[in-house]
Amino acid sequence: MTLDSNHLSHIQSVAQRPLNNISDRQLPLRKRYHDTPEAAWVHDHARTVDAQVPADHPIHGHVVCGEGIPLDIPVSVHKAVGGESDFPCPGELLAAALASCLDTAIRMIANLKEIKLSHLEVQVSLGADVRGALMTGEGVPVGFQSAHMKVDLRTECDLPEPHLNALINAAERSCVILQTLRAPPKVEIERCLSGFGGPGD
């Protein structure tokens, strides 16, 4: 599996900058957020667009996420509910968000503790009984009912297992996606509706 060459080039250029010590990067942020707590609020965004995949096409979509270098992601409905599963489905994007969040949290905590990682892989598996989504099972809920994560971690200095577990525990506590799933916020949906021909017709 390889990254887009332009994306990889950007990552490598950032890695070569002198300020890649997480402590140096976070110190002014910690001070700023201590002095001005409201500055600590961030809002991540994603949106779907229908310019290329028409809104009346039922099994594919197009989502855009990211601010610095936005990513266009083709989306497929899962074949278990009548789709194609030819592109990532929304559940896989959720799994990707969870895996990438814990992965980057481990990288940052390791950097803060001056632990040199030689290998890191985070796997996520989410399980759902799709009868709920298809409304065919009595009392079957809609949503994922199981979640399993696996962390494969090695360090260059051959740290003992208690130290590695402490590293993962610290990363787990600071993993925003994981903690969000464990204590979800209330989700509000704003509706912008119009009938045939638009408002007034």
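This briefing covers helix α3, its surroundings, the cysteines, two loop residues with positive phi, and a surface patch. The model is predicted. Helix α3 covers residues 90-112 and has many buried positions, including L98, L102 and D103. A search of the whole structure finds zero disulfides.

**Helix α3**

- The 23 residues of α3 should span 33 Å at 1.5 Å a residue, and the end C-alpha atoms are 33 Å apart, so expectation and model agree.
- Buried residues of α3 are G91, A95, L98, A99, C101, L102, D103, A105, I106, I109 and A110.
- Several of these can be read against helix geometry. An α-helix has 3.6 residues a turn, so residues three or four places apart point the same way.
- The cover over the buried residues of α3 includes two strands, β4 (117-127) and β5. It also includes two helices, α5 (161-174) and α6 (176-182).

**D103, an acidic residue in α3**

- D103 sits in helix α3.
- Its relative accessible area is 14%, which is under the 20% cut-off, so D103 counts as buried.
- Beyond neighbours within four places in sequence, D103 is in contact with L120 and V122.

**M149, a contact point in β5**

- M149 belongs to strand β5, residues 146-155.
- With a relative accessible area of 26%, M149 is partly exposed.
- Leaving out residues up to four places away in sequence, M149 touches L98, L102, V122, Q123, V124 and L178.
- Two of those partners, L98 and L102, are among the buried residues of α3.
- V122 is touched by M149 and is also in contact with D103.
- M149 and L98 are 51 residues apart in sequence, yet their C-alpha atoms are 8.9 Å apart in space.

**Cysteines**

- A disulfide is a covalent bond between the sulfur atoms of two cysteines.
- No such bond turns up: the search of the whole structure finds zero disulfides.
- For C89, the closest cysteine sulfur is in C65, at 15 Å, which is too far for a bond.
- The cut-off for a disulfide is 2.5 Å between sulfur atoms.
- C89 is buried, at 8% relative accessibility.
- C157 is partly exposed, with a relative accessible area of 48%.
- C101, in α3, is buried.

**Positive phi in two loops**

- Most residues other than glycine have a negative phi.
- E114 departs from this, with a positive phi near 55° in a residue other than glycine.
- E114 comes just after α3, in the loop between α3 and β4.
- E114 is exposed, with a relative accessible area of 72%.
- M135 also has a positive phi, of about 55°, although M135 is not a glycine.
- M135 is in the loop between α4 (131-134) and β5.
- M135 is exposed, with a relative accessible area of 75%.

**Toward the N terminus**

- L3, L8 and I11 form a nonpolar patch on the surface. Together they have about 260 Å² of accessible area.
- L8 lies in helix α1, residues 5-15.
- L8 is partly exposed, at 35% relative accessible area.
- P18 follows in the loop between α1 and α2 (22-35).
- P18 is exposed, with a relative accessible area of 84%.
- P18 and P74 are 56 residues apart in sequence and 36 Å apart in space, C-alpha to C-alpha.

Note on methods. Residues are numbered from 1 along each chain as its sequence is written. This is a predicted model: local features need pLDDT of at least 70, side-chain atom pairs count only at pLDDT 80 or more; totals for chains, interfaces and linings use all residues. Side-chain values use heavy atoms; hydrogens and water are left out. Patches are made of residues with over 30% relative accessible area and no salt bridge: like charges are joined within 9 Å, nonpolar side chains (Val, Leu, Ile, Met, Phe, Trp, Tyr) within 5 Å. Accessible areas come from the Shrake-Rupley method with a 1.4 Å probe; for residues, only the protein chains shown count as cover. A salt bridge is a side-chain nitrogen of Lys or Arg within 4 Å of a carboxyl oxygen of Asp or Glu. Helices (H or I, at least four residues) and strands (E, at least two) are DSSP runs, numbered from the N terminus. Buried means under 20% relative accessible area, exposed over 50%, partly exposed in between (1.4 Å probe, protein chains only). Contact means heavy atoms within 4.5 Å. The expected span of a helix is 1.5 Å times one less than its number of residues.
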